[in-house]
Amino acid sequence: TGGSIRVDEGSRVRRAGTVACADIDRMPDTADDLLSPTTADLLVSVGHVYGEGDTEMVPVGMLRVLTPTMASLDGPLELRCADYFAVLADTRFPSAWVTTAGGSIAGEIAAMVHSVLPWVEVLDLTGSQAVTQSQVWTGTIGDAVWSLATAMAAEAVFDPIGRLVLRPVPDGSATSVWVLDT
C-alpha cells in the first residue's frame, strides 16, 4: 500500500527502503511465513495503469526482506528491505575461503555469490582478463566480492531485477543520455 525505495549509486547496497503491506494481520513469526525476513524477496516495480486497463511497469529492485515491523496490532506491516548486496554484506564466510592464484576474478566473485545466493545470475560487462592472487578470506562475503571487483577496476552491483553486474567503475565524465521524471 505504500513505502519508498532509495536508489543510491554511491553505495554498495544500491536499493533499500520500506514497503507497507496493509492486509497482513500478524507479524511473520516463523521461518516459513510468506514474508519471513530469512527467506522473502520482493520485486518492487513502479508504473502506470492506462485508462483502457493496460499497465506499464518498470522494476525498481529485487529486494530481500530484512526486518518486518508493525506499529500497532491493527496497523500495516512495514518491511525494511534492501538489494542482495545487503545479504552479502551480512554474511560471513562459515570457514576460511581460499582463493588460488591464476583463476578468473569474475569466476571467483561468481563462486562466492553463488555460495549464498545460488540462483543469482552474474553478468561480467568488464571484458577484464584479470586473474586472482592467492588469498584467504575470513570476513564478510560482501567485502571479499567488493575487493575482488576493485582489483579488476570494476564494481559489483545488483541491477533492478536481481542480477549481479560486474561493470567498469564509472569515471564521471559521461553525459546523461536519458532522464526519468516521475
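This report describes salt bridges in a predicted model, together with the accessibility of the residues that form some of them.

Within the structure there are 8 salt bridges, and a network of such contacts links E9, R14, E155 and R167. Side chains of opposite charge can pair when their charged atoms come close. Three of the pairs are set out below, with the distance given from N to O.

| Pair | N to O distance |
|---|---|
| R14 and E9 | 3.0 Å |
| E9 and R167 | 2.8 Å |
| D159 and R163 | 2.6 Å |

E9 takes part in a salt bridge with R14 and also in one with R167. In the contact between the side chains of E9 and R167, the pair ties together parts that are 158 residues apart in sequence, because E9 lies in the loop between β1 (2-7) and β2 (15-21), while R167 belongs to strand β10 (residues 164-168).

The accessibility of these residues can be stated one by one. R14, with a relative accessibility of 2%, counts as buried, since that value falls under the 20% cut-off, whereas its partner E9 is partly exposed at 49%. R167, the other partner of E9, has a relative accessible area of 24% and is therefore partly exposed.

For the salt bridge between D159 and R163, whose closest N and O atoms are 2.6 Å apart, the two ends fall into separate classes: D159 is buried, at 12% relative accessibility, and R163 is partly exposed, with a relative accessible area of 28%.

Methods
Residues numbered from 1 in each chain as written. Predicted model: local features only at pLDDT ≥ 70, side-chain atom pairs only at ≥ 80, totals over all residues. Heavy atoms only, no water. Salt bridge = Lys/Arg side-chain N within 4 Å of Asp/Glu carboxyl O. Buried < 20%, exposed > 50% of the residue type's maximum accessible area, 1.4 Å probe, protein only. Helix = DSSP H or I, 4+ residues; strand = E, 2+ residues; numbered from the N terminus.
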